[in-house]
Amino acid sequence: MTEYLRPQKDHAALITLSIQRDYILPSSPIRASGLSRVIPTMTRLVQGVRERDVPLYHSIRLYKPDGSNVDLCRRSAVEEGLRIFMPGSLGAELVDEIQPEGEEVRINPDILFDGKFQEIGPDESIFYRPRWGAFHGTSLEQELRSRGVDSLILCGFSFNTATRATIYEASARDFKVVVVPDALCNASEQGLEELGRMGVYLMEADEVLSWLGTPKQNGKEDRAA
């Protein structure tokens, strides 16, 4: 990889994609595959990022019951009664495993539909994206630029849609991208190999945490070289 593509740990942020309960409910029509493997790894990654004071963003979907903000491929189904990602429903919430320790955060649809970031902890927030990619119709790029972030770490429940779209959008904006294969659902070997050919770094969760350095202790940061 060239220096142009090499991610910078001191300018990195983690973006989780669609880590919502509707993907894990047993009866859900969009239930993700490989959950028993991915959720513990994803939990460890998110908690490790929190401990290292790395910016953390949870990108979520919300579907209005009338289908007015839904992708065309799902709009008819929502209009006819499909109930996923409904504002105010438990299915739209972040999964329990990645909730901030000691509390249960509930999303605020009014804040999110207004295009704002809902802060849920130090350096941690939720934002709504209207389509597959995290940059489409959002202020994510401005938020990241304002914080000096140029390297993105991605994980989530929807590799074939949200993760892929976000990778392409991030690449088009000259962000450096790290994808965490063991914290992804529905990812194929072929799909991951294709990412490597387009300059995306692939790192397992433990490798990412080692790369980011040791957690902060006593208010002082000691990142690994």
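Helices (H or I, at least four residues) and strands (E, at least two) are DSSP runs, numbered from the N terminus. The structure is a predicted model, in which local features need pLDDT of at least 70 and side-chain atom pairs count only at pLDDT 80 or more, whereas totals for chains, interfaces and linings use all residues. Residues are numbered from 1 along each chain as its sequence is written, and side-chain values use heavy atoms, with hydrogens and water left out.

**Exercise 1. Describe the annotated span, residues 120–196.**

Solution. Begin with the record: UniProt, in an unreviewed entry, lists residues 120–196 under "domain: Isochorismatase-like"; UniProt positions are given in the numbering used here, feature names are shortened, and annotations may be inferred rather than shown by experiment. Then turn to the model, where the span is 38% helix and 29% strand, and its end C-alpha atoms lie 33 Å apart.

**Exercise 2. Work out the order of the strands in the open sheet, and state which strands stand at the edges.**

Solution. Step one is the order: the open sheet has seven strands, arranged β3-β4-β2-β1-β5-β6-β7, and its pairing is mixed. Step two concerns the edges: β3 and β7 (201–202) each have a single partner strand, so one side of each is left without a neighbour in the sheet. Step three looks at pairing, where two strands pair if DSSP finds at least two bridges between them. β1 and β5 are parallel and share six bridges, and T16 has C155 in β5 as its bridge partner.

**Exercise 3. Characterise strand β4 (residues 124–128) by its partners and by its burial.**

Solution. First take the partners. With β2, the strand β4 pairs in the parallel sense over five bridges, and L56 stands opposite E124. With β3 (residues 118–121), by contrast, β4 runs antiparallel, joined by three bridges, and here E119 stands opposite S125. The hairpin of β3 and β4 has two residues between the strands, and D123 in this hairpin takes a positive phi near 60°.

Next take burial, where buried means under 20% relative accessible area, exposed over 50%, and partly exposed in between (1.4 Å probe, protein chains only). Five of the five residues of β4 are buried; E124, I126 and Y128 lie on one side and S125 and F127 on the other, and both faces are covered.

**Exercise 4. Decide on which side of helix α7 (residues 205–212) the buried residues fall, and what covers them.**

Solution. Start by listing the buried positions of α7, which are A205, V208, L209, W211 and L212. These residues cover an arc of only 160° around the axis (taken from the directions from the helix axis to the C-beta atoms), which puts them on the same side of α7. Their cover includes β1 (12–17), α1 (35–51), β5 (151–156) and β6 (176–184). Just after the helix, G213 takes a positive phi of about 105°.

**Exercise 5. Compare the surroundings of two loop residues, N69 and R106.**

Solution. Consider N69, which sits in the loop between β2 (56–60) and α2 and counts as buried at 11% relative accessibility. Two polar contacts (pairs of N or O atoms within 3.5 Å; within protein, one must be able to donate a hydrogen and the other to accept it, and residues adjacent in sequence count only if both atoms are side-chain atoms) involve its side chain: one reaches the backbone oxygen of L62 at 2.8 Å, and the other joins it to the side chain of Y128 at 2.9 Å. Leaving out residues up to four places away in sequence, N69 has contacts (heavy atoms within 4.5 Å) that include F113, P130 and R131.

Now consider R106, in the loop between α2 (72–79) and α3 (109–113). R106 is partly exposed, with a relative accessible area of 40%. The side chain of R106 reaches the backbone oxygen of G88 at 3.3 Å, and R106 also touches S89, L90, E93 and Q118, again not counting residues up to four places away in sequence.

**Exercise 6. Establish how many disulfides the structure holds, and describe C73 and C185.**

Solution. With a disulfide taken as a pair of cysteine sulfur atoms within 2.5 Å, the structure holds zero. For C73, the nearest cysteine sulfur is that of C185, 19 Å away, and C73 counts as exposed at 61% relative accessibility. For C185, the nearest cysteine sulfur is that of C155, 9.9 Å away, and C185 counts as buried at 0% relative accessibility.
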